[in-house]
Amino acid sequence: TSDLNKISSHIITASDVIEPYSTVLPINDSNYWGFGHISNYLGVSKPMVILENYEASLNHFPLVWNRKNIPFLHLGNLEKILSFTPKNDTNTKYQIDYVFILSAINEAKNPEQKQKEISELLSKHYRLVYISSDDTVKLYKKVLNKS
């Protein structure tokens with residue numbers, strides 16, 4: 001439990017870097033069952049859209065994504081949507097502002113190919129803005145396009 005308190009504290013510290021009204025894609029790379037919604041600590045003190053709400057993708061919950069109006073969310077210049085984000089690829093493209101990664105405290109759950117794809121996108125289109133002292137929590141911010 002002290003590990004959970006420490007990780008929760010790291011998440012709240014990382015949230016200080018996030019600008020209000022940003023979109024955040026959480027990637028939980030831990031097999032620990034208790035981390036299903038721990039990224040929600042990011043939004044404790046300011047408004048933001050945290051894209052980890054799988055319940056909003058199901059019609060039997062009271063809150064659902066407005067698929068008609070949700071933008072086409074992507075990482076960098078990615079033309080295909082990642083499977084763990086809500087989507088409407090016919091709407092305006094919008095790059096996700098931040099990527100939050102919770103690293104494994106047990107063993108990694110993302111397949112190597114998915115980890116490789118995400119790492120490549122992060123290195124090209126995002127910069128690391130927060131890393132916890134124990135490397136369990138990382139936060140990346142999108143790099144503004146130079147036009």
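This report describes the fold, the nonpolar cores, the salt bridges, a pocket and some single residues of one protein chain.

## Overall fold

The structure is a predicted model. The protein chain contains two helices and seven strands. Read from the N terminus, the order of these elements is α-β-β-β-β-β-α-β-β. The chain has 147 residues, and 41% of them count as buried. Among contacts between residues at least 6 apart in sequence, 63% join residues at least 24 apart.

## Nonpolar cores

The largest nonpolar core has 16 residues, and Leu42, Phe100 and Val137 touch the most other members. Four elements each supply at least two residues of this core: helix H1 (2-15), strand E2 (48-50), strand E5 (98-102) and strand E7. Another core, of 14 residues, lies apart from the largest one; Leu25, Leu51, Ile101 and Tyr140 are among its members.

Which residues does leucine 42 contact, leaving aside its neighbours within four places in sequence? The contacts of leucine 42 are Ile11, Ala14, Ser15, Ile18, Val24, Met48, Ile50 and Phe100.

## Salt bridges

Two salt bridges are present in the structure. In one of them, the side chains of glutamate 19 and lysine 141 meet, with a distance of 2.6 Å from N to O. Glutamate 19 belongs to the loop between H1 and strand E1 (22-28), whereas lysine 141 belongs to strand E7, so this pair ties together parts that are 122 residues apart in sequence.

Lysine 142 forms a salt bridge with aspartate 97, and the closest N and O atoms are 3.1 Å apart. Lysine 142 is found in strand E7 and aspartate 97 in the loop between strand E4 (93-95) and E5; the pair therefore ties together parts that are 45 residues apart in sequence.

Are the residues of these salt bridges buried or exposed, or do they fall in between? The table lists the relative accessible area of each one, with its class.

| Residue | Relative accessible area | Class |
|---|---|---|
| Glutamate 19 | 40% | partly exposed |
| Lysine 141 | 21% | partly exposed |
| Lysine 142 | 21% | partly exposed |
| Aspartate 97 | 9% | buried |

The class follows from a cut-off: a residue is buried when its relative accessible area is under 20%, and exposed when that area is over 50%. Aspartate 97, at 9%, therefore counts as buried. Lysine 142, at 21%, is partly exposed because its value lies between the two limits.

## The second largest pocket

The second largest pocket holds about 200 Å³ of space. Its lining consists of 11 residues, and those that lie nearest the centre of the pocket are Ile101, Gln115, Ile118, Ser119 and Leu122. Ile101 is also one of the members of the core of 14 residues.

Which element gives the largest share of the lining of this pocket? Helix H2 does, with four residues. Both helix H2 (112-125) and strand E7 (137-142) supply at least two residues each. By chemical class, the lining of the second largest pocket divides into five nonpolar, four polar and two charged residues.

## Three single residues

Leucine 4 is part of helix H1. This leucine is partly exposed, with a relative accessible area of 25%. Not counting residues up to four places away in sequence, leucine 4 touches Tyr32 and Phe35. The C-alpha atoms of leucine 4 and phenylalanine 35 are 9.0 Å apart in space, while the two residues are 31 apart in sequence.

Isoleucine 27 is located in strand E1. Its relative accessibility is 6%, and isoleucine 27 counts as buried. From isoleucine 27 to serine 39 there are 12 residues in sequence and 8.7 Å in space, C-alpha to C-alpha.

Glutamine 95 has its place in strand E4. With 12% relative accessibility, glutamine 95 counts as buried. When residues up to four places away in sequence are not counted, glutamine 95 touches Thr23, His74, Gly76, His125, Tyr126 and Lys142. Lys142, in this list of contacts, is the lysine that forms a salt bridge with aspartate 97.

Key:
Residues numbered from 1 in each chain as written. Predicted model: local features only at pLDDT ≥ 70, side-chain atom pairs only at ≥ 80, totals over all residues. Heavy atoms only, no water. 1 Å grid on protein atoms, 1.4 Å probe; cavity = no way out; pocket = protein on both sides within 12 Å on 5 of 7 lines; lining within 4 Å. Points joined across faces, edges and corners; volume = space filled by probe spheres on them. Nonpolar A, V, L, I, M, F, W, Y, C, P; charged D, E, K, R; others polar. Core = buried A, V, L, I, M, F, W, Y, C linked by side-chain atoms within 4.5 Å. Buried < 20%, exposed > 50% of the residue type's maximum accessible area, 1.4 Å probe, protein only. Contact = heavy atoms within 4.5 Å. Salt bridge = Lys/Arg side-chain N within 4 Å of Asp/Glu carboxyl O.
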